[in-house]
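Me: I'd like to go through this one together, starting with its empty spaces. Can you take my questions one at a time?

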Amino acid sequence: MKKYTLFAFISIFCFNLFAQEGKKAQNPIIWADVPDIAVIRTGDTYYMSSTTMHMNPGLPIMKSKDLANWEMLNYAYETLTDSDAANLSNGQNSYGAGSWASSLRYHNGTFYVSTFSATSGKTHVYSTKDIEKGDWKEASFEPVLHDHSLFFDDDGRVYMVYGAGDIRIRELTADASAIKEGGVDQIIIPNATAVAGGIPGLPAEGTQMIKHNGKYYLFNITWPQNDVRTELVHRADHIMGPYEGRVFLKDRGIAQGSIIDTPAGDWYAYMFRDFGAVGRIPHLMKMEWVDGWPVVANGGVVPQYLDIPARENKLSNIVQSDEFDREKGDPGLLLAWQWNHNPDNSLWSVDARKGYLRLTTGRVDGDVVNARNTLTQRTFGPESSATTAIDISNMKDGDCAGLIALQKLYGFVGVKMDGNTKSIVMVGQKDKKPTEFANIPVKQEVVYFRIDCDYNVVDEEQRNDKAYFYYSLDNKKWNKIGEPLQMVYTLMEHFMGYRFGLFNFATKTPGGFVDFDYFRVDDHILDRQ
């Protein structure tokens, strides 16, 4: 029987950050990497999809009753595609790729969520009658429609609106499963970036479209040079245009999203903000209609506090502690877990040893970012900590296993085996290259590791973004090891916030395995020095 039952299957509470004064919900509504959000409402319930790139299962679906407090429901797919890049095989990977910005819709009793991928070279559409249980069915087609918005018009026609700079419209079949032969295919907004002014930088993309009071509203993000990310809105009386546009939001780079109404008739905008190493974090803001235009309330400034009641002790399953105790009929993994790339399901188990996650090596890899079957969860702010215990008695010569803060510039604490000798090691970055900063011989069979992530804000332009590494031999005394990692969000490489990860890879001979006793997350750290 495990001692740490308090945290078993319990989610960390800090995802919905609450102000004690006035008991109001607070921005960011999720202080973790949940980018490219798309939101719909059916009745009094909201559903949200998001981007998880190269992680699998992918395209997460979340649920809320108030737009501020979210829980995971399921994923639209287990794996997006089967290829060397998706499988981390033959020197290929899908870091920075996988699936990107999704679109979420409800039409005539069916839920649709769509995405696109440079990894698969296709546009993907998933559908289900029951969004909460999932059982998504997939259709896919070429070409890749970049940052598209799936749109069902009142006349029964179906479109995807997409593009970068020039915004295009492409007509689909009635079930949104394919391009309609001979259907509409044209530019509806040339150079949508222009209304932002300044020197063009990132061309307008991240399209989301809604229809309100008979008009079509199209939202895009752009990023003029020497400026901040900016959200644009264009409107028209007809879906084909002509469109007129203006700046919708220009505040601290908070952008990319759309708007949603409540059952009471209030309106909110939802966007994300690039927030350093933790990733792209969602914000919510009240909006209103002025002369037929959507306008952010509060003078166009995204507020810290929202007029939505906070629910104290509200738990979220976006990140979860896990004791790896499974009863018959339980899912193999909690919803918070995602594999780095496609897993090899023959090489992991929560059944081989009751109460443990077993990771077995199946091939030889050069380093941890190329290792298959690394199991991850999001880190989160302002502080987050993860601990694990590992039985290392069945490692082989050349094996390395442990706990990682995963991004392109990663850091980990773990055990490596060289000959018959095992050592606790900390690997971090020196001049952006993996470097072993500590090596401590170890003879016992069970070791304990911890990583603390400090995302506290120094000022508007600076965040700590540091990770600290620890080991313990008795699960009581924790020893700092190696050097702190200055975490850096790499845009073109991994393109996602840092992840906690459990890993095991072989550098000489496959077949060794380790057993993880638990994974426990907390919302405070040991040391900020």
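Reply: Sure. A cavity here is a set of grid points where a 1.4 Å probe fits but cannot get out. Keep in mind that the model is predicted.

Me: How many cavities of 30 Å³ or more does a search of the whole structure find, and what is the volume of the largest?

Reply: The search covers the whole structure and turns up two cavities of 30 Å³ or more. For the largest cavity, the space inside comes to about 70 Å³.

Me: What classes of residue line that largest cavity?

Reply: Its lining has 13 residues, and Asn56, Leu80, Ala86, Ser94 and Gly98 are the ones nearest the centre. Gly counts as polar in this scheme. Sorted by class, the lining of the largest cavity comes out as four nonpolar, nine polar and no charged residues.

Me: And which strand gives the most to the lining of the second largest cavity?

Reply: The second largest cavity holds about 50 Å³ of space. Its lining includes Gly206, Thr207 and Gln208, along with Asp36 and Asp147, and by class it splits into two nonpolar, six polar and two charged residues. The top contributor, with three residues, is the strand spanning 202–212, namely β15.

Me: Now the pockets. Which elements give two or more residues to the lining of the largest pocket?

Reply: The largest pocket has about 560 Å³ of space. Among its 27 lining residues, Ile40, Arg105, Met209, Ile210 and Lys211 are the closest to the centre. The elements giving two or more residues are β2, β7, β11, β15, β19 and β20.

Me: How does the lining of that largest pocket divide by class?

Reply: Asp, Glu, Lys and Arg are what count as charged. On that basis, the lining of the largest pocket has 13 nonpolar, nine polar and five charged residues.

Me: How many charged residues are in the lining of the second largest pocket?

Reply: The second largest pocket has a volume of about 450 Å³. It has 19 lining residues, with Trp223, Arg252, Asp274, Phe275 and Arg463 closest to the centre. Next to eight nonpolar and three polar residues, the lining of the second largest pocket has a charged count of eight.

Me: Let's switch to Asp251. Is Asp251 buried or exposed?

Reply: Asp251 sits in the loop between β18 and β19. The cut-off for buried is under 20% relative accessible area. Asp251 has 10% relative accessibility, so it counts as buried.

Me: Which residue has its backbone nitrogen 2.7 Å from a polar atom of the Asp251 side chain?

Reply: Leaving out residues up to four places away in sequence, Asp251 touches Gly300, Val301 and Val302. The backbone nitrogen that lies 2.7 Å from a polar atom of the Asp251 side chain belongs to Val302.

Me: Last topic, the open sheet. Which strands stand at its edges?

Reply: Eight strands make up the sheet, in the order β4-β24-β27-β39-β29-β30-β31-β32, with antiparallel pairing. An edge strand here has a single partner, so one of its sides is left without a neighbour in the sheet. The two at the edges are β4 and β32.

Me: Within that sheet, what is the bridge partner of Gln338 in β27?

Reply: Strand β24 covers residues 338–340 and β27 covers residues 375–378, and they pair in the antiparallel sense over two bridges. In β27, Gln338 has as its bridge partner Thr376.

Key:
Residues are numbered from 1 along each chain as its sequence is written. This is a predicted model: local features need pLDDT of at least 70, side-chain atom pairs count only at pLDDT 80 or more; totals for chains, interfaces and linings use all residues. Side-chain values use heavy atoms; hydrogens and water are left out. Two strands pair if DSSP finds at least two bridges between them. Helices (H or I, at least four residues) and strands (E, at least two) are DSSP runs, numbered from the N terminus. Buried means under 20% relative accessible area, exposed over 50%, partly exposed in between (1.4 Å probe, protein chains only). Contact means heavy atoms within 4.5 Å. A polar contact is a pair of N or O atoms within 3.5 Å; within protein, one must be able to donate a hydrogen and the other to accept it, and residues adjacent in sequence count only if both atoms are side-chain atoms. On a 1 Å grid over the protein atoms alone, a cavity is a set of points where a 1.4 Å probe fits but cannot get out, and a pocket is an open set with protein on both sides within 12 Å along at least five of seven lines; lining residues have an atom within 4 Å of a point. Grid points are joined across faces, edges and corners, and a volume is the space filled by probe spheres set on the points.
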